[in-house]
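Hi everyone, thanks for making time. I'd like to walk you through cysteines and aromatic rings today, so have a look at the screen.

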Amino acid sequence: MLLNYKLTQATNQTSTLPVVLLHGLFGSLENLNIIGKALGENYDIINMDLRNHGLSPHAATHNYPSLANDVVETLKGLNIEKAYIVGHSMGGKVAMQIAHRHPDMVAKLVVLDIAPVAYHSRHDAIFSALNAVANVTISSRTQADEIMSVYIKEMGVRQFLLKSLQKNDSGEFNWRFNLDVLSAQYQNILTNIDANDSCLCETLFVKGSESDYILAEHRDVIAKLFPNSKGRVVHGAGHWLHAEKPLVVNKAIIDFLQ
């Protein structure tokens, strides 16, 4: 599957290799713009909509091998043989899957606040909110926000999700992501990547200190699957560390890529 992408050329290119940015669940290629802008002076930036998100095609299958293959196929279509890969949350798992299946294509890997492990369900309230909006006819984003506030108290989370609420030519509001498939395939999103051996790619794991996505108990599996990796903790940041502490996160990525 060829993905929707946005290619931004460097203003003062110092690297022949581009940086590929991969967003998380319910996101789109715009989500990591804050990283892309920081790196965009020296690197070409490729933001991608993963399958079932943004303007990329929808499909009934949503698992990490398929998601990784989409990115690889899109890069090959752009005649890109190697790139720096940066992924957040679900996008971080996609990036790790690419590194394990196509290590020659990964110059360096940056994983933002996700570990190569299986997780327990943590999006039940979000799915309830999204379905509540999808099951009624609404006339504005404000109305959608009111419906979602019953299930999601955090305004920032609602605002993030509402970025994917679009109005079609008939004036109807719909979720841009494939809600039905993401719900049906949610266990595939929670599961670990498909990896049985070690990937020797240089890898940086960046964790928000207030996030529980990367824990001390994950160190052994990270060391096993990515032995050439190091970690960085961003203090005062949660799971959305790149939005909460952009200067710190961007500097960590730039220092690692150079």
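I'll start with the cysteines, then go to the ring pairs, and finish with charges over rings.

One thing up front: this is a predicted model, so please keep that in mind as we go.

Okay, cysteines. How many disulfides does the count come to? Zero. You might look at Cys 199 and Cys 201 and wonder about that. The closest cysteine sulfur to that of Cys 199 is the one in Cys 201, and it is 3.1 Å away, which is too far for a bond. The cut-off here is within 2.5 Å, so that pair doesn't make it at 3.1 Å. From the other side, Cys 201 is in no disulfide either, and its nearest cysteine sulfur is that of Cys 199. And are they buried or exposed? Cys 199 counts as buried because its relative accessibility is 3%. Cys 201 is buried too, with a relative accessible area of 8%.

Right, on to the aromatics. The structure holds eight aromatic pairs, and I'll show you two of them.

Take Phe 26 and Phe 177. Their ring centres are 5.3 Å apart and the planes sit at 55°, so we call this pair tilted. Now, where are these two? Phe 26 is in the loop between strand S2 (19–22) and helix H1 (33–39), while Phe 177 is in the loop between strand S7 (173–175) and helix H7 (179–184). So the pair ties together parts that are 151 residues apart in sequence. Both Phe 26 and Phe 177 are buried.

Here's the other pair: Phe 160 with Trp 240, also tilted, at 4.6 Å centre to centre and 55° between the planes. Phe 160 comes from helix H6 (residues 155–162), and Trp 240 from the loop between strand S9 (229–234) and helix H10 (241–244), so here the parts tied together are 80 residues apart in sequence. As for burial, Phe 160 is buried, with a relative accessible area of 13%, whereas Trp 240 counts as partly exposed at 30% relative accessibility.

Back to Phe 26 and Phe 177 for a second. Which cluster are they in? They form one aromatic cluster together with Phe 127, Trp 175 and Tyr 186.

Last bit, charges over rings. The charged end of Arg 122 sits over the ring of Tyr 213, 4.0 Å from the ring centre. Lys 108 has its charged end over the ring of Phe 256, and there the distance to the centre is 5.1 Å.

That's it from me, happy to rotate the view if anyone wants another look.

Terms used: Residues numbered from 1 in each chain as written. Predicted model: local features only at pLDDT ≥ 70, side-chain atom pairs only at ≥ 80, totals over all residues. Heavy atoms only, no water. Buried < 20%, exposed > 50% of the residue type's maximum accessible area, 1.4 Å probe, protein only. Phe/Tyr/Trp six-rings, centres within 6.5 Å; stacked < 30°, edge-to-face > 60°. Helix = DSSP H or I, 4+ residues; strand = E, 2+ residues; numbered from the N terminus. Lys NZ or Arg CZ within 6 Å of the ring centre and 35° of its normal.
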